[in-house]
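The exercises below ask for contacts to be read from a model, and each is followed by a worked solution. Please try each task on the structure before reading on.

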Protein chains: 2
Amino acid sequence: MPEPAVTAEAVFDAAAAMIELDGVDRFTMRGLANRLNVAVTSIYWHVGGRDKLFDGLVDRLLDEMAHLPMTGDTAVDRIASLAHAQRRLLIQRQHLLAIAHSRDTTPKLFLPVQRALAGQLAELGVTGADAALVLRAVEVHVISSAVMQFAAVRGDKHDEEDPSLWTDDWPDRALVEALQSPTDYDAVFTYGLQALLAPLRAGQPDPTDDGGVTA
Amino acid sequence: MPEPAVTAEAVFDAAAAMIELDGVDRFTMRGLANRLNVAVTSIYWHVGGRDKLFDGLVDRLLDEMAHLPMTGDTAVDRIASLAHAQRRLLIQRQHLLAIAHSRDTTPKLFLPVQRALAGQLAELGVTGADAALVLRAVEVHVISSAVMQFAAVRGDKHDEEDPSLWTDDWPDRALVEALQSPTDYDAVFTYGLQALLAPLRAGQPDPTDDGGVTA
DNA sequence: ACCTGAACACCGTTCAAGT
DNA sequence: ACCTGAACACCGTTCAAGT
């Protein structure tokens, strides 16, 4: 009974490692087979084709997100800490996030934290459709900003401002200078999250009241 | 002096139309050449390879964004209306946005609206590094949520909630039901935008004060 | 059950050759 | 200046064949 040369586990591990190293674009079935020292076709037997392989990798990410820490004295703090933890993991798994995005399964990433968020919102008295809206607003903020930061950081060469767009007589020199340096996505994320959670801190004004901004 | 069979303009037009119809993934150089009734290699002479072609398409999107409308009685309303207009255009140009994203040039999309936003923020007395932060928070919100919505809507089959994740004894039946229906991304966007702009409405509290949520 | 090589139908891109 | 076909070096996937 000779041991198999590879297992499905080993295929996923190797694929994840390769992708984390070189990115999704440079990942090929043939390269993976080469790394595992098997024929390409062997991979098809173990895990199926490229799509099945990526499905499996995304499922791994989902599992990881099911065990995120959540700390804090108040419910709002716990929501914020969960959002930060989720974001950190997504940044760490940039390439898996990119895969999920390219496969249009980003909304699946809501699921592992939904129950925890719902529980904290319930503690704040936010329930029903209101809770669904806030929950999704937080998740969209966490995930979409991570998706975008990933692309932005990779293309950081273009992030520096083109000064030619600003006339020299623009009065706010400090602003122009601030825009010249690369975006601090962590700060932007935290600012946005804080804004999203602000209405939850002071009583509970109707979160669906848009203040007439709908334009 | 025979007229050329194709021009660079015509190539870009045809490419944009094809991509808008079938998506980026199904777009190929050979298919484009076929549609134009020329040899593939002719395209290389006119606009260069795939990368150059996509660069050109993204530049077209940038041009479009330079002429967005901005209306409203107050500066905050004008910022909101600009954000909504930018979002609408990005949704309309979903596939071009996807191209920009895949090429890591999403931050470039900030540029065409930066001056207008800076002007309105200045009217509100928000300047310097604070203005840069708010400006980027708004732009990240607009662009990243559009990037994500695009993927989410394409994969809408997965958007419906898996009820098995909720135990039957979860108390908030209305929430579970709300999560079962597909996400209303417009509502989520408006809610987030309103939250981002709220501190600008009532005086100007320090926007970098995170209320201790940094976790 | 596991692994292989050959083969198919694609890609993007280069380049010498035509007019 | 403009357009072509042939050719190169890749892809992912299928399938019959081996053990």
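## Exercise 1: DNA strand C

Begin with a base contact: a polar side-chain atom of Arg30(B) lies 2.4 Å from a base nitrogen of DNA strand C, a polar contact being a pair of N or O atoms within 3.5 Å, where within protein one must be able to donate a hydrogen and the other to accept it, and residues adjacent in sequence count only if both atoms are side-chain atoms. This is a predicted model, in which local features need pLDDT of at least 70 and side-chain atom pairs count only at pLDDT 80 or more, while totals for chains, interfaces and linings use all residues. Residues are numbered from 1 along each chain as its sequence is written, chains are lettered from A and ligands numbered from 1 in the order in which they are written, and side-chain values use heavy atoms, with hydrogens and water left out.

Task: find which residues are closest to DNA strand C, and which helix gives the largest share of the surface near this strand.

Solution.
1. DNA strand C is surrounded by 19 residues, the closest being Ala5(A), Ala39(A), Thr41(A), His46(A) and Arg30(B); a residue is near a strand if one of its heavy atoms lies within 4 Å of it.
2. Of the atoms of DNA strand C that come within 4 Å of the protein, 48% belong to sugar and phosphate.
3. At the phosphates, one oxygen is 2.5 Å from a polar backbone atom of Ala39(A), and a phosphate oxygen is 2.4 Å from an N or O atom in the side chain of His46(A).
4. H3(A) supplies the largest share of the surface near DNA strand C, with 4 residues; helices here are DSSP runs (H or I, at least four residues), numbered from the N terminus.

## Exercise 2: DNA strand D

Task: name the contacts that Arg30(A), Thr41(B) and His46(B) make with DNA strand D, and sort the residues of the surface near this strand by class.

Solution.
1. Around DNA strand D there are 19 residues, among them Arg30(A) and Ala5(B).
2. Two contacts reach bases: a polar side-chain atom of Arg30(A) lies 2.4 Å from a base nitrogen, and one of Thr41(B) lies 3.1 Å from a base oxygen.
3. The side chain of His46(B) has an N or O atom 2.4 Å from a phosphate oxygen of DNA strand D.
4. Helix H2 (29–36) and helix H3 (40–46) of chain A, together with helix H3 (40–47) of chain B, each supply at least two residues of this surface, and H3(B) gives the most, with 4 residues.
5. By class, the surface has 10 nonpolar residues, 6 polar and 3 charged, where Ala, Val, Leu, Ile, Met, Phe, Trp, Tyr, Cys and Pro count as nonpolar, Asp, Glu, Lys and Arg as charged, and the others, Gly among them, as polar.

## Exercise 3: chain B against chain A

Task: describe the interface of chain B and chain A by its buried area and its salt bridges.

Solution.
1. In contact (heavy atoms within 4.5 Å) are 71 residues of chain B and 70 residues of chain A.
2. About 6,000 Å² is buried between the chains, 68% of it from carbon and sulfur atoms; buried area is the accessible area (1.4 Å probe) that two parts lose on being put together, summed over both.
3. The count is 2 salt bridges, a salt bridge being a side-chain nitrogen of Lys or Arg within 4 Å of a carboxyl oxygen of Asp or Glu; one of them joins Arg154(A) to Asp104(B), with the closest N and O atoms 2.8 Å apart.
4. On the side of chain B that touches chain A, H8(B) provides the largest share, 18 residues.
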